[in-house]
Amino acid sequence: MTTSTDQTLLTYLNVTGATQPSVIPNQQAFTFLSKKTGIPQVWQWRGGQIEQVTDLPDRVLSVYHAPSGNRTVIGMDRKGNEKQQFYLLEEKQTEELVISEEHFHHFGGWSPDETKIAFSSNRRHPGYFDVYVLDIASKTEQVVFQMDGNCTPICWTKDGSQLVLNMPDTNIDQSFYVLDLNTAKLSKIGTEHALARTQSLQLRKDGQGGFYVSDKGRDALAIHQFNFQDLVESEELLAIGNWDIEEIKLSPGGSQLAFTVNEGGLSKLGVYDVNNRTHHLIEEIPNGVFDSLSWISEKELVLGVKSPIFPGDIWKVSLDSGTSERLTFVGEEKEVQHLWVQPELCTFASFDGLKVPYFLYGKQEHSQPVVIYVHGGPEHQIRAEFNPVIQYLAANGFAVVAPNVRGSMGYGRNYVKLDDVRKRMDSVADLKELANDLVENHGVDRSRIGIMGRSYGGFMVLAALTHYPNVWAAGVDIVGISHFKSFLENTGSWRRALREFEYGSLKDDTDFFEEIAPLNHTAKITAPLLVFHGRNDTRVPVSEAEQLTADLQKQGKPVELVIFEDEGHQTEKIENHIKMNSMIVEFMQKHL
């Protein structure tokens with residue numbers, strides 16, 4: 001690349017934003033995370049001014065303010081390994097709080113009197129997450145519940161005598177339980193053996209019950225209400241058509257629930273009146289994806305807003321006027337933001353008639369080289385969010401297509417299960433049909449279609465290259481799976497049981513893993529391949545990339561592997577981010 005285009009790419013990749021706002025209780029202020037300094041750190045907004053609060057050696061993953069607002073717990077991992085450790089932040093000074101560097105930790109809330117915190121950790125066994133209570137003053141820890149599986153505490157009840165726990169039942173389904181800290185009795189919220197997606201729990205201010213979202217008995221997520229006196233029965237309060245209600249947040253006074261709706265990859269913001277059982281949507285807010293709802297007062301809340309042309313900032317919504325105001329400008333990049341492309345939302349009919357949605361970035365009036373960008377998960381969803389690589393490719397003459405093939409979240413329970421276990425290759429067939437749709441309906445040159453993806457999206461790239469080799473001119477695999485058998489054998493045991501609901505089990509499905517494994521079909525690959533991986537990846541081990549690359553090199557096929565020694569499953573360091581995406585753009589320019 002020339003110096004000017006190289007500098008433009010660096011500008012794109014250095015674009016950052018403000019995310020995960022969290023109001024500091026009893027203060028007209030909030031914290032947020034930003035990568036302005038290269039890796040995510042804690043920043044604070046107060047009175048219209050922002051300042052950096054932490055300057056830690058690794059990325060901050062989470063922030064949890066105490067009920068008084070005087071102290072904060074922050075979570076940080078090491079070199080991208082996702083093994084979160086906890087630190088106490090007080091008057092801008094941090095000190096170690098929960099440290100066991102070889103283990104994962106999940107935060108479970110401050111006790112009402114702020115003397116304790118709860119968390120879970122896999123210290124007893126790699127696949128078992130026990131629940132701990134830590135006394136802040138003495139730094140002493142006590143195991144209050146042992147779980148031979150995955151478990152995350154969510155919050156304490158009002159009187160501090162109970163914890164609410166979240167336990168996954170399958171790869172997409174979860175259940176909430178109430179743990180009595182005095183008797184160790186565990187009680188499920190909801191019907192005992194029913195499977196449902198259950199998330200975003202909020203407890204009522206009177207301590208009598210709470211709210212959550214669930215798809216119990218329906219295809220999409222709706223708001224439910226429960227009571228501690230009768231945990232089995234719940235009442236559905238609000239559903240929004242066939243779309244998922246994703247996040248709820250109870251107002252300080254307890255009279256209103258703010259909620260977000262996922263409408264085809266875009267968010268809607270609404271408010272539900274708990275007493276009158278009415279709701280309304282807030283229209284005066286930019287189109288995009290909303291997250292991290294946090295109330296300032298009974299009449300105002302803040303949230304993160306992102307869109308394809310808006311990298312992410314914090315907005316305030318005033319309920320009295322129904323208007324919104326942008327509070328941070330971290331995502332502003334005047335040098336290049338005029339070049340950013342708003343995608344068109346399209347659909348195509350796959351091989352069996354299923355309607356599959358995709359975002360199309362690019363000009364419509366002429367044939368363009370195309371890069372298909374496949375999301376990971378596999379249950380994730382490509383949403384209307386800023387992606388610097390997609391935007392840079394689009395600005396340089398590529399059409400970029402980001403599909404939500406079968407198995408993606410956001411389109412109901414039935415859709416997300418359409419690729420489970422032995423239906424896996426149906427989602428890969430969706431990619432082939434997408435390529436055909438682009439050729440037939442958008443004038444795309446069949447010989448200039450590339451494909452890229454991260455994590456499970458990396459597997460989709462490899463599966464597409466091996467099962468439909470004539471469709472693709474180039475492929476990029478980032479931290480992808482090359483063989484589900486070796487992946488399941490080598491991934492963290494705490495992840496294995498849940499992944500087996502999605503992919504199939506080592507006990508029953510190894511024949512199918514052998515049948516579909518890209519590693520077993522490398523002889524069919526004709527397109528050049530670029531592979532990236534992080535050495536510290538605890539989700540998809542680096543061996544997945546090494547075994548694939550070695551096999552292709554043995555065959556003399558065009559493949560290049562780049563391993564980042566200081567990264568895990570995500571690419572966080574700005575220098576690595578720049579190197580990887582510079583290589584991807586050059587690679588696609590060369591082959592498409």
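User: Taking helices (H or I, at least four residues) and strands (E, at least two) as DSSP runs numbered from the N terminus, how many helices and strands does the protein have?

Analyst: This is a predicted model, in which local features need pLDDT of at least 70 and side-chain atom pairs count only at pLDDT 80 or more, while totals for chains, interfaces and linings use all residues. Residues are numbered from 1 along each chain as its sequence is written, and side-chain values use heavy atoms, without hydrogens or water. Counted along the protein, the elements come to ten helices and 36 strands.

User: What radius of gyration does the protein have?

Analyst: The C-alpha trace spans about 65 × 55 × 45 Å along its principal axes. For 592 residues the globule rule (2.2 Å times the number of residues to the power 0.38, with the radius taken over C-alpha atoms) gives 25 Å, and the protein comes close to this, so it is as compact as a globular protein of that length, with a radius of gyration of 24 Å.

User: Which strand gives the most to the lining of the largest cavity?

Analyst: A cavity is a set of points on a 1 Å grid over the protein atoms alone where a 1.4 Å probe fits but cannot get out, and its lining residues have an atom within 4 Å of a point. The largest cavity has a volume, meaning the space filled by probe spheres set on its points, of about 120 Å³, and among its 13 lining residues the closest to its centre are Lys188, Ile189, Gly190, Ala196 and Thr198. At least two lining residues come from each of β15 (174-180), β16 (186-189) and β18 (209-214). The strand that gives the most, with three residues, is β15.

Key: On a 1 Å grid over the protein atoms alone, a cavity is a set of points where a 1.4 Å probe fits but cannot get out, and a pocket is an open set with protein on both sides within 12 Å along at least five of seven lines; lining residues have an atom within 4 Å of a point.
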